[in-house]
Amino acid sequence: MLNKHKIINEILEVGVVAVIRAESIVEAKRISAACIEGGVKAIEVTYTVPGASEVIKELGKEFNEKELIVGAGTVLDSETARIAILSGAKYIVSPGFDKETAKLCNKYGIPYMPGCMTISEMTKAMEYGADIIKLFPGSAFGADFIKAVKAPLPQANIMPTGGVSIENVDKWIKNGVVAVGVGGKLATGPSEEITANAKEFVAKVKATREELKNNG
């Protein structure tokens, strides 16, 4: 079984989390499988998907821990977080910070990624043990905002979701994010297209990190 730090490290290693929003269990599984095929093993099944808990369980049966790190997204409260964890979710993502969800995740040793928009929200989330801060919606700020946050909070692990595309993912990485969450720009369309997009995102994140390493 993966421990908390191993889960975080494996998510950060690839640097891309696929945010799955679908109309059915079948569709969610198809999109997830296509993302995994393209090298994106961190799959965030949102609780806007009908039967999200079932999707998490089914993915856990179909793929092993080397192929998949499944998490739950759009988790609004600790009750939902607990159901998701019992269904097999390895990490919890929320659109906003929730103190009780943070406590529950700490208790179970599960990474918590709350959505924050301001420095004060991020600071509070980190005080409650949030492992990665989800900048949401990323489109409201843009990649340049990361530099402004990292000045007073250099220790913050930030993952933008919303507003990340193949055209700008390199800018987000260069400005200091540890990973990106991608939904519609990655997880829609035919399976072959999703797999190709996943490969492109993974390759661009890797290339940008290499560039930073070589220039650093």
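In this predicted model, helix 2 meets helix 9 through Arg30, Ile31, Ala34, Cys35 and Glu37 on the helix 2 side, with Ser191, Ile194, Thr195, Ala198 and Lys199 on the helix 9 side. Sorted by type, the residues of this contact come out as 5 nonpolar, 2 polar and 3 charged. Helix 2 covers residues 25-37 and helix 9 covers residues 191-215; the two pack with their axes 7 Å apart, at an angle of about 40°. Angles from 35 to 65 degrees fall in the oblique class, and helix 2 and helix 9 are therefore oblique to each other. Their crossing is right-handed.

Helix 2 also packs against helix 3 (residues 52-62), here with an angle of about 45° and axes 10 Å apart. This pair, helix 2 and helix 3, is therefore oblique as well, and the crossing is again right-handed. From helix 2, the contact draws on Ile25, Ala28, Lys29 and Ser32, while helix 3 puts in Glu54, Val55, Glu58, Leu59 and Glu62. By type, that contact splits into 4 nonpolar, 1 polar and 4 charged residues.

Moving along, helix 3 has another partner in helix 4: the axes of these two come within 8 Å and cross at roughly 25°. Since angles under 35 degrees count as roughly parallel, that is the label for helix 3 and helix 4, which are therefore roughly parallel to each other. The handedness of the crossing between helix 3 and helix 4 is right-handed. Ser53, Ile56 and Lys57 of helix 3 make the contact with Ile83, Ala84 and Ser87 of helix 4. The tally for the contact of helix 3 with helix 4 is 3 nonpolar, 2 polar and 1 charged.

Two loops deserve a word on backbone geometry. Helix 4 (78-87) follows a loop that starts after strand 3 (69-73), and Thr74 sits in that loop. Thr74 is not a glycine, and yet it has a positive phi of about 50°. The other loop runs between strand 6 (133-135) and helix 7 (144-150), and Pro137 lies in it. The peptide bond leading from Phe136 into Pro137 is cis, with omega near -5°.

As for open space in the model, the largest pocket has a volume of about 180 Å³. Its lining takes in 13 residues, and those nearest the pocket centre are Val19, Arg21, Val182, Gly183 and Gly184. Across the lining of this pocket, 4 residues are nonpolar, 7 are polar and 2 are charged; glycine is counted among the polar ones.

How values were computed. Residues are numbered from 1 along each chain as its sequence is written. This is a predicted model: local features need pLDDT of at least 70, side-chain atom pairs count only at pLDDT 80 or more; totals for chains, interfaces and linings use all residues. Side-chain values use heavy atoms; hydrogens and water are left out. Axes are lines fitted to C-alpha atoms, for helices over the stretch in contact, and angles run from 0 to 180 degrees between N-to-C directions. Helices (H or I, at least four residues) and strands (E, at least two) are DSSP runs, numbered from the N terminus. Angles under 35 degrees count as roughly parallel, over 145 as roughly antiparallel, 65 to 115 as roughly perpendicular and the rest as oblique. A crossing is left-handed if the near helix is turned anticlockwise from the far one by less than a right angle, and right-handed if clockwise. Contact means heavy atoms within 4.5 Å. On a 1 Å grid over the protein atoms alone, a cavity is a set of points where a 1.4 Å probe fits but cannot get out, and a pocket is an open set with protein on both sides within 12 Å along at least five of seven lines; lining residues have an atom within 4 Å of a point. Grid points are joined across faces, edges and corners, and a volume is the space filled by probe spheres set on the points.
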